[in-house]
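Me: I would like a close look at one pairing of side chains, followed by a careful account of its surroundings. Please take your time over it and build the picture step by step.

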Amino acid sequence: MHMTKPQDEIYWKNRSIEDQKRDWNQLGKNWIEDYTLSVDHPHRIEIIKALISVSPFESVLEIGCNAGPNLKKISYTFPQVQITGIDINKEAIQEAQKHLPSAILEVGSAIQDYDFFDKSFGVTICDAVLMYVHRDEVLQVFG
């Protein structure tokens with residue numbers, strides 16, 4: 001039974017680049033570019049510190065990568081690591097592909113729609129996504 005909060009999943013999946021709601025400092029032309037430009041937000045440094053503490057690793061998967069600011073920061077710090085990301089919003093993934101050409105990026109839900117479960121990742125991260133997942137499904141996010 002699929003229990004993800006449907007209003008959240010539908011909102012993020014269908015959120016158009018023209019959506020006027022902004023999530024960051026309104027530095028870009030639209031909300032997706034705002035995510036891209038948020039690469040140096042202080043909380044991303046905390047993610048890098050956590051990754052340094054568990055390195056070395058060969059690959060990283062981000063569930064809910066949006067336009068890829070975390071993955072971009074990770075690729076700068078760990079250039080040898082294979083970067084993989086999934087996000088429910090097609091336009092966000094298209095933006096991420098512009099900045100992360102060697103990454104594997106797919107459109108899909110945190111709960112379903114992707115086939116990474118047959119692969120192994122050194123590290124899996126999920127930043128501000130689990131709050132949109134029903135508590136009974138959180139373990140499914142990580143396979």
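Which side chain meets that of E95 in a salt bridge, and what is the N to O distance?

Reply: The model is a predicted one, and within it the partner of E95 is K98, the two side chains meeting in a salt bridge at 3.2 Å, N to O. Both residues belong to helix α5, which runs over residues 90–99, and they stand three residues apart, or about one turn of the helix. An α-helix has 3.6 residues a turn, so residues three or four places apart point the same way. The two partners nevertheless fall into separate accessibility classes: K98 is exposed, with a relative accessible area of 61%, whereas E95 counts as buried because its relative accessibility is 12%, under the 20% limit.

A residue of another helix also touches E95. T36, which lies in helix α2, has contacts with A67, P69, K72, E95 and H99 once its neighbours within four places in sequence are left aside. At 6% relative accessibility, T36 is itself buried.

The pair in α5 is one of six salt bridges found in a search of the whole structure. Side chains of opposite charge can pair when their charged atoms come close. A pair with the spacing of K98 and E95 occurs in helix α3, where K49 forms a salt bridge with E46 and the closest N and O atoms are 3.3 Å apart. Here too the residues are three places apart, about one turn of the helix, but neither is buried: K49 is partly exposed, with a relative accessible area of 49%, and E46 is partly exposed at 47%.

Helix α3 also holds one end of a salt bridge that reaches beyond the helix. R44 pairs with D127, the closest N and O atoms being 3.6 Å apart, and this pair links distant parts of the chain, since R44 is in α3 while D127 is in the loop between β4 and α6, 83 residues away. With a relative accessibility of 3%, R44 counts as buried, while D127, at 21%, counts as partly exposed because the limit for buried is under 20%.

R44 belongs to a set of buried residues in α3, together with I47, I48 and L51. Seen down the axis of α3, the buried residues fall within an arc of 100°, so they line one face of the helix. The face turned away from that buried side carries the exposed residues P42 and S53. As for what the buried residues of α3 meet, they pack against α2, α4 and β4, and α2 is also the helix in which T36 lies.

The loops on either side of β1 hold two backbone features. Most residues other than glycine have a negative phi, and most peptide bonds are trans. The peptide bond from S55 to P56, however, is cis, with omega near 10°, and P56 sits in the loop between α3 and β1. In the loop between β1 and α4 comes N66, whose phi is near 50°, a positive value in a residue other than glycine; at 7% relative accessibility, N66 is buried. A positive phi also appears at A128, at about 60°, although A128 is not a glycine. The place of A128 is the loop between β4 and α6, which is also the loop of D127, and A128 counts as partly exposed at 49% relative accessibility.

A128 leads on to the largest pocket, which has about 500 Å³ of space. This pocket is lined by 28 residues, and those closest to its centre are G64, D87, A128, V129 and Y132. Among the elements that each supply at least two residues of the lining are α3 (42–54), β1 (59–63), α4 (69–77) and β2 (82–87), while α1 gives the most, with three residues. Sorted by class, the lining has 15 nonpolar, seven polar and six charged residues.

To return to the pair you asked about, K98 and E95 are joined within α5, with K98 exposed and E95 buried, and E95 is among the contacts of T36.

Notes. Residues are numbered from 1 along each chain as its sequence is written. This is a predicted model: local features need pLDDT of at least 70, side-chain atom pairs count only at pLDDT 80 or more; totals for chains, interfaces and linings use all residues. Side-chain values use heavy atoms; hydrogens and water are left out. On a 1 Å grid over the protein atoms alone, a cavity is a set of points where a 1.4 Å probe fits but cannot get out, and a pocket is an open set with protein on both sides within 12 Å along at least five of seven lines; lining residues have an atom within 4 Å of a point. Grid points are joined across faces, edges and corners, and a volume is the space filled by probe spheres set on the points. Helices (H or I, at least four residues) and strands (E, at least two) are DSSP runs, numbered from the N terminus. Ala, Val, Leu, Ile, Met, Phe, Trp, Tyr, Cys and Pro count as nonpolar, Asp, Glu, Lys and Arg as charged, and the others, Gly among them, as polar. Buried means under 20% relative accessible area, exposed over 50%, partly exposed in between (1.4 Å probe, protein chains only). The arc is that of the directions from the helix axis to the C-beta atoms. Contact means heavy atoms within 4.5 Å. A salt bridge is a side-chain nitrogen of Lys or Arg within 4 Å of a carboxyl oxygen of Asp or Glu.
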